[in-house]
Amino acid sequence: MIVVRSGPSASGKDAVADRILSEHADRISPAITATTRPPRPGEEDGVHYHFLTPETFAELEESGRLLESATVYGFRYGVPRESVRAALERTPIALVKTDVQGAASIKALIPQALLLFITVPDFPTLERRMHSRGGMDQETMEHRLQEARSEIERQDEFDYVVINEDGRLDEAVNETWQIIEREAARPERRPTGL
C-alpha cells in the first residue's frame, strides 16, 4: 500500500512519520523524495532526500519517472516512481511525503493510495509552533503561514485527518498507525500504475 502524508509546516508530520518508521520498520519504509535544494547539515543523499542537479531533476520529470513534482521555496521536489517501488520491495507499505498538491496528483495516478493529513487543533497553535521554531525572517514566516492556511483549507481532500495536539505526540502516532494498519488490510488499497 502507498501512504501519502501531508500537512502544514510545524504540524509535527515529520515527528509522527519518524516514530512510525522507527517503530514499524518491518511493515513500512519511506519512499525517498528528490530535490534540487542543497543538503542541510546532517542530511545524507539517498537517506533524507535524493539531492539532484536541476538538470537531472528535469530529466526525471520529462521522462515521466516522477509521480508528482512541484516548486517549493524556489527548489524542485518530486517523488520518483523508483523510490516508491524500492520502498514496496523492502516492506508492504511505502510512506510518501509530499505537499497537498502532490498528494492530489498521486491520488489521480494511483486511486488506491491512502492520503493522510496531519495537522494541529487550530491556527493559533500552528502559528505559535512556527514562531517557536525560529530561524525565519518575518517575510518567510508570513509566506509559510499563508501556505499553511491554503493547505488546511484542502484537508477534506484527504482520506483521514489526524490532529497532532501539543504534548500528545504518542496519541497522534498511535492513531496514524491504527489507520494505516486498518487500511492496509483492505485488498482494494493495493497499488497499481507504478
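This note describes the two largest pockets of a predicted model and the residues that line them.

1. The largest pocket has a volume of about 1,100 Å³. Its lining is made up of 41 residues, and those closest to the centre of the pocket are Lys 13, Asp 14, Tyr 49, Tyr 77 and Lys 97.

2. Several elements give two or more residues to the lining of the largest pocket: the strands are strand 1 (2-6), strand 2 (28-31), strand 5 (66-72), strand 6 (75-80) and strand 7 (93-97), while the helices are helix 1 (13-23) and helix 6 (138-153). Helix 1 provides the largest share of this lining, with five residues.

3. As to residue class, the lining of the largest pocket holds 18 nonpolar residues, together with nine that are polar and 14 that are charged.

4. The second largest pocket encloses about 160 Å³ of space, and the residues that line this pocket are Thr 71, Val 72, Tyr 73, Asp 99, Val 100, Gln 101, Glu 147, Ser 150, Glu 151 and Arg 154. Strand 5, helix 4 (100-109) and helix 6 each give two or more residues to the lining of the second largest pocket, and helix 6 gives the most, with three residues.

5. By class, the lining of the second largest pocket divides into three nonpolar, three polar and four charged residues. A reader tracing both pockets may wish to begin with strand 5 and helix 6, which are listed among the elements giving two or more residues to the lining of the largest pocket and also among those doing so for the second largest pocket.

Key
Residues are numbered from 1 along each chain as its sequence is written. This is a predicted model: local features need pLDDT of at least 70, side-chain atom pairs count only at pLDDT 80 or more; totals for chains, interfaces and linings use all residues. Side-chain values use heavy atoms; hydrogens and water are left out. On a 1 Å grid over the protein atoms alone, a cavity is a set of points where a 1.4 Å probe fits but cannot get out, and a pocket is an open set with protein on both sides within 12 Å along at least five of seven lines; lining residues have an atom within 4 Å of a point. Grid points are joined across faces, edges and corners, and a volume is the space filled by probe spheres set on the points. Helices (H or I, at least four residues) and strands (E, at least two) are DSSP runs, numbered from the N terminus. Ala, Val, Leu, Ile, Met, Phe, Trp, Tyr, Cys and Pro count as nonpolar, Asp, Glu, Lys and Arg as charged, and the others, Gly among them, as polar.
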